[in-house]
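Biologist: I would like a close look at a single part of this model, worked through slowly and with its surroundings in view. Please take the structure as it is shown here.

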Amino acid sequence: MKIKRGLIFTSIISLVIFVLILIEVLSNGFLVNLDLYINSLNMIKNIFLLDISKIIDLVFDTLSIIIISLFLSIYLCFKYSKKEGAFFSFTILLNAVIIYVIKEVMQRARPSNAIISGSSFAFPSGHTATAVVFFGLLIYLIFRKTEYKSFILISIWISIFMILLVGFTRMYLNLHWFSDVLGGLALGIFVLTICIILKNFLIEKEDKFV
């Protein structure tokens with residue numbers, strides 16, 4: 001019950017934060033001014049970091065993650081159960097659809113000083129949201145399938161590092177505003193938690209009829 005309440009609380013808070021960021025962007029509030037300031041800092045570009053950022057841009061593109069997730073889903077179907085595989089792919093696809101819809105509705109322009117061209121609108125950061133959902137799902141599955149606490153903790157820290165790295169590289173390449181990344185983080189957490197809540201609810205409902 002504590003886990004469920006924690007998930008519900010996290011889901012609500014992440015949605016509220018996302019809505020607040022959305023309002024700030026639409027109203028050209030404080031966050032937009034912060035966006036302009038951070039973007040104007042012109043971080044010193046290191047060749048190694050640029051190469052890493054470009055690789056992350058390719059790997060964590062929504063389409064790339066969908067393809068990777070489909071292969072992982074097939075593996076989960078054979079290794080564990082079809083439900084686990086279906087849940088993984090459904091969550092990733094739902095996240096992609098939500099990101100696409102919000103981007104098309106918002107149509108926020110990317111920073112004009114982007115180092116590489118972006119193929120869609122800026123808000124929210126699809127790469128960041130997708131990284132949250134992808135690594136969040138991996139942690140969720142690892143938590144369910146292993147009893148080794150040390151392995152779970154290592155997985156959590158690696159996932160957090162990767163999510164933050166993805167968010168950083170979006171700004172390092174000037175492909176996103178700071179608020180785009182914050183919005184992506186909040187949206188990713190919301191999608192992840194609401195899907196887990198829905199999955200748990202369906203499992204409980206199914207068990208009642210067995």
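Which helix gives the most to the lining of the largest pocket, and how does that helix pack against its neighbours?

Modeller: The model is a predicted one, and the part to look at is H6, which gives the most to the lining of the largest pocket, with 7 residues. That pocket has a volume of about 520 Å³, and among its 17 lining residues Leu7, Gly136, Ile139, Leu192 and Ile196 lie nearest the centre. The elements that contribute two or more residues to this lining are helix H1 (2–26), H6 and helix H8 (178–208). By class, the lining of the largest pocket divides into 12 nonpolar residues, 4 polar and 1 charged.

Helix packing is a useful way to continue, since two packed helices are described by the angle between their axes and the distance between the axes. Helix H6 (residues 126–145) and helix H5 (residues 82–106) have axes that come within 10 Å and cross at roughly 160°. An angle over 145 degrees counts as roughly antiparallel, and H5 and H6 are therefore roughly antiparallel to each other; their crossing is right-handed. On the H5 side the contact is made by Glu84, Phe87, Phe88, Thr91, Ile92, Asn95, Ile99 and Lys103, and these meet a set of H6 residues that includes Gly126, Ala129, Val133, Phe134, Leu137, Leu141 and Arg144. Sorted by class, the contact of H5 with H6 has 11 nonpolar, 4 polar and 4 charged residues.

With helix H7 (residues 149–172), H6 packs at an angle of about 175°, the axes being 9 Å apart, which makes H6 roughly antiparallel to H7. Here H6 brings His127, Thr128, Ala131, Val132, Phe135, Ile139, Ile142 and Phe143, and the H7 residues that they meet include Phe151, Ile152, Ile156, Met162, Val166 and Arg170. The class count for the contact of H6 with H7 is 12 nonpolar, 5 polar and 1 charged. Ile139 thus appears in the contact with H7 and also among the residues that lie nearest the centre of the largest pocket.

The approach to H6 along the chain deserves a remark of its own. Most residues other than glycine have a negative phi, and most peptide bonds are trans. The peptide bond from Phe123 to Pro124, however, is cis, with omega near -10°, and Pro124 lies in the loop between H5 and H6.

H6 also takes part in the second largest pocket, which holds about 420 Å³ of space and is lined by 21 residues, with Asp61, Thr62, Lys103, Ser119 and Ser120 closest to its centre. Helix H3 (47–59), helix H4 (62–79), H5 and H6 are the elements that give two or more residues to this lining, and H5 gives the most, with 5 residues. The lining of the second largest pocket has 6 nonpolar, 9 polar and 6 charged residues. Lys103, one of the residues closest to the centre of this pocket, is also a member of the H5 side of the contact with H6.

Finally, H5 has a further partner in H4: their axes come within 7 Å and cross at roughly 170°, which makes H4 roughly antiparallel to H5. In that contact, Thr62, Ile65, Ile66, Leu70 and Leu76 are among the H4 residues, while the H5 residues include Glu84, Phe88 and Ile92, three residues that are also listed on the H5 side of the contact with H6.

Definitions and conventions: Residues are numbered from 1 along each chain as its sequence is written. This is a predicted model: local features need pLDDT of at least 70, side-chain atom pairs count only at pLDDT 80 or more; totals for chains, interfaces and linings use all residues. Side-chain values use heavy atoms; hydrogens and water are left out. Axes are lines fitted to C-alpha atoms, for helices over the stretch in contact, and angles run from 0 to 180 degrees between N-to-C directions. Helices (H or I, at least four residues) and strands (E, at least two) are DSSP runs, numbered from the N terminus. Angles under 35 degrees count as roughly parallel, over 145 as roughly antiparallel, 65 to 115 as roughly perpendicular and the rest as oblique. A crossing is left-handed if the near helix is turned anticlockwise from the far one by less than a right angle, and right-handed if clockwise. Contact means heavy atoms within 4.5 Å. Ala, Val, Leu, Ile, Met, Phe, Trp, Tyr, Cys and Pro count as nonpolar, Asp, Glu, Lys and Arg as charged, and the others, Gly among them, as polar. On a 1 Å grid over the protein atoms alone, a cavity is a set of points where a 1.4 Å probe fits but cannot get out, and a pocket is an open set with protein on both sides within 12 Å along at least five of seven lines; lining residues have an atom within 4 Å of a point. Grid points are joined across faces, edges and corners, and a volume is the space filled by probe spheres set on the points.
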